[in-house]
Amino acid sequence: MKLTMDSKVQAQGVSLAYSVITFKNEAYNEQVWQELLTPLIQTIEAEDSTDTIKEDPQIIAAKKVYRQLGKDPARSRPSSDSLWRRVVQQKGLYQINGLVDVNNYFSLKWKVPFGSYDLDKVTEPICLTVGPAEARYAGIGNKSVNIENLLVLTDEEGPFGSPTADATRGMIREETTRALVVGYQFGGEAVVDQAEVKKVLETVLTDCQVLEQGCI
């Protein structure tokens with residue numbers, strides 16, 4: 001996988017833990033919910049609060065990078081922050097599809113944003129950089145996402161993903177068979193356990209093979 005990082009981003013102590021996979025996606029994966037998400041959601045609902053979120057070192061580190069790059073993390077929250085808040089408020093999670101639901105599990109487990117991207121819709125090389133002035137893209141859910149000063153993944157066609165909200169172009173669909181799975185890490189600390197990522201993906205996703213893993 002040709003994955004690089006802009007020097008401006010690298011200087012902020014950001015890293016990407018990534019996996020390249022082939023798999024058969026499903027509209028609903030019962031194993032993901034019964035064995036992974038539901039128990040984790042129940043634990044968070046019982047033990048966590050908004051204060052827990054505010055004091056978490058991963059959330060603090062992510063917000064610090066957002067501010068340093070000129071992005072208000074209260075207006076453009078890291079997805080890990082948004083997901084965790086939703087569960088703490090006992091609003092539950094939307095069920096999307098097998099891989100996206102696993103993404104949400106990883107994000108809640110390690111408290112870092114996770115994104116997955118269809119490798120038939122985005123192309124190498126891929127670079128993590130910062131969105132230029134006044135830049136926007138069509139986000140999942142028909143939103144126009146303001147990506148100015150936001151960390152973004154780009155390919156030759158332009159930006160397609162971020163730790164806040166992804167574009168529709170690279171979104172994971174039920175028919176997706178090849179994907180790039182990315183964990184956005186902040187604060188110079190690697191928190192994502194790649195061995196566990198591999199084990200979970202290959203255990204719960206149908207016909208899944210992890211072809212490559214790495215960290216930049």
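**Exercises on a predicted model**

P159 belongs to strand 8, which covers residues 158-161. The model examined here is predicted.

**Exercise 1.** Determine whether P159 is buried, partly exposed or exposed, and identify which residues it touches.

*Solution.* Step 1: the relative accessible area of P159 is 29%. Step 2: buried requires under 20% and exposed requires over 50%. Therefore P159 is classed as partly exposed. Step 3: leaving aside residues up to four places away in sequence, P159 touches Y137, I147, V152, L153, T154 and R169. Step 4: as for V122, 37 residues away along the chain, its C-alpha atom is separated from that of P159 by 9.7 Å.

**Exercise 2.** Compare the reach of helix 2 with its expected span, and locate its bend.

*Solution.* Step 1: helix 2 comprises 18 residues, 30-47. Step 2: from first to last C-alpha it reaches 25 Å, close to the 26 Å expected at 1.5 Å a residue. Step 3: a bend of about 40° occurs at L37, with the proline P39 following within four residues. Step 4: at the N-terminal end, N29 acts as the cap, a side-chain oxygen lying 3.0 Å from the backbone nitrogen of Q31.

**Exercise 3.** Establish which residues of helix 2 are buried and what covers them.

*Solution.* Step 1: the buried residues are V32, W33, L36, L37, L40, I41 and I44. Step 2: an α-helix has 3.6 residues a turn, so residues three or four places apart point the same way. Step 3: the cover over the buried residues of helix 2 includes helix 5 (79-88), helix 6 (98-110) and helix 7 (194-204).

How values were computed
Residues numbered from 1 in each chain as written. Predicted model: local features only at pLDDT ≥ 70, side-chain atom pairs only at ≥ 80, totals over all residues. Heavy atoms only, no water. Helix = DSSP H or I, 4+ residues; strand = E, 2+ residues; numbered from the N terminus. Expected span 1.5 Å × (residues − 1). Bend = angle between axes of the 7 residues up to and from the residue. Buried < 20%, exposed > 50% of the residue type's maximum accessible area, 1.4 Å probe, protein only. Contact = heavy atoms within 4.5 Å. Polar contact = N/O pair within 3.5 Å; in protein donor to acceptor, adjacent residues only side chain to side chain.
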